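This report describes a single protein chain for a reader working with its coordinates. Surface and overall form are treated before individual residues.

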Amino acid sequence: PDICTDPPEVVKVSVSKRDVKVQESISLQCTAEGNPQPTYTWKPCDSPQRDCHKRTLDVLEVLYDDVYICTVTNYLGNNSGNASVCKLLNTYL
């Protein structure tokens, strides 16, 4: 039988909300294709509460503007995509 292999390719990186309030939570999702199935790595991902190696990254408190990068890898190579998150300024009445 033929065995088809493909390098990983990021199809889409999406974020639940791009504009968020300070300390609001968001969820980012990385959709990729590849054979063998690629592994995922998110950056930045410096908090011990986050799992940086899943398709979905949950950010519990957005504290500043950032660009989150999803890198997918298999033995044939790697590929990456990103999503920007912008924090809204608090307004005081």
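## Surface and burial

In this predicted model, the chain exposes about 6400 Å², of which carbon and sulfur atoms supply 49%. Buried residues account for 28% of the 93 residues in the chain.

The chain carries 9 positive and 12 negative charges, and the mean positions of these two sets are 6 Å apart.

## Secondary structure and overall form

The secondary structure of the chain consists of seven strands and zero helices. Read along the sequence, the pattern is therefore β-β-β-β-β-β-β, since helices and strands are taken as DSSP runs and numbered from the N terminus. The radius of gyration is 16 Å, well over the 12 Å that the globule rule gives for 93 residues, so the chain is more spread out than a compact globule.

The C-alpha trace spans about 70 × 25 × 15 Å along its principal axes. Of the contacts in the chain with a separation of 6 or more, 58% are accounted for by residues 24 or more positions apart.

## Backbone geometry in the loops

Two cis peptide bonds can be described, each with a proline as its second residue. One joins N35 and P36, with omega at about 10°. P36 lies in the loop between β3, which covers residues 26-35, and β4, which covers residues 39-43. The other cis bond runs from K43 to P44, and its omega is near -5°. P44 is placed in the loop between β4 and β5, the latter strand covering residues 56-59.

A further backbone feature concerns Q23. Its phi is near 70°, a positive value in a residue other than glycine. Q23 is located in the loop between β2 (19-21) and β3. As a general background to these cases, most residues other than glycine have a negative phi, and most peptide bonds are trans.

## Salt bridges

How many salt bridges does the rule count? The count comes to two. In one of them, E24 pairs with K17, and the closest N and O atoms are 2.4 Å apart. E24 is partly exposed because its relative accessible area of 24% falls between the limits of 20% for buried and 50% for exposed. K17 has a relative accessible area of 34%, so K17 is likewise partly exposed.

The other salt bridge joins the side chains of K54 and D51, with an N to O distance of 3.9 Å. This pair counts because the rule requires a side-chain nitrogen of Lys or Arg within 4 Å of a carboxyl oxygen of Asp or Glu. K54 has a relative accessibility of 48% and therefore counts as partly exposed. D51, at 37% relative accessibility, also counts as partly exposed.

## The surroundings of N78

N78 belongs to strand β7, which covers residues 77-88. Is N78 buried or exposed? Its relative accessibility is 55%, so N78 counts as exposed. When neighbours within four places in sequence are set aside, N78 is in contact with P8, T71, V72 and T73.

D51, described above as a partner of K54, also provides a reference point for N78. The two residues are 27 residues apart along the chain, and the C-alpha atoms of N78 and D51 are separated by 19 Å.

How values were computed. Residues are numbered from 1 along each chain as its sequence is written. This is a predicted model: local features need pLDDT of at least 70, side-chain atom pairs count only at pLDDT 80 or more; totals for chains, interfaces and linings use all residues. Side-chain values use heavy atoms; hydrogens and water are left out. Helices (H or I, at least four residues) and strands (E, at least two) are DSSP runs, numbered from the N terminus. The radius of gyration is taken over C-alpha atoms; the globule rule is 2.2 Å times the number of residues to the power 0.38. Buried means under 20% relative accessible area, exposed over 50%, partly exposed in between (1.4 Å probe, protein chains only). Contact means heavy atoms within 4.5 Å. Accessible areas come from the Shrake-Rupley method with a 1.4 Å probe; for residues, only the protein chains shown count as cover. Lys and Arg count as positive and Asp and Glu as negative; His and the chain ends are not counted. The place of a charge is taken as NZ of Lys, CZ of Arg, CG of Asp or CD of Glu.
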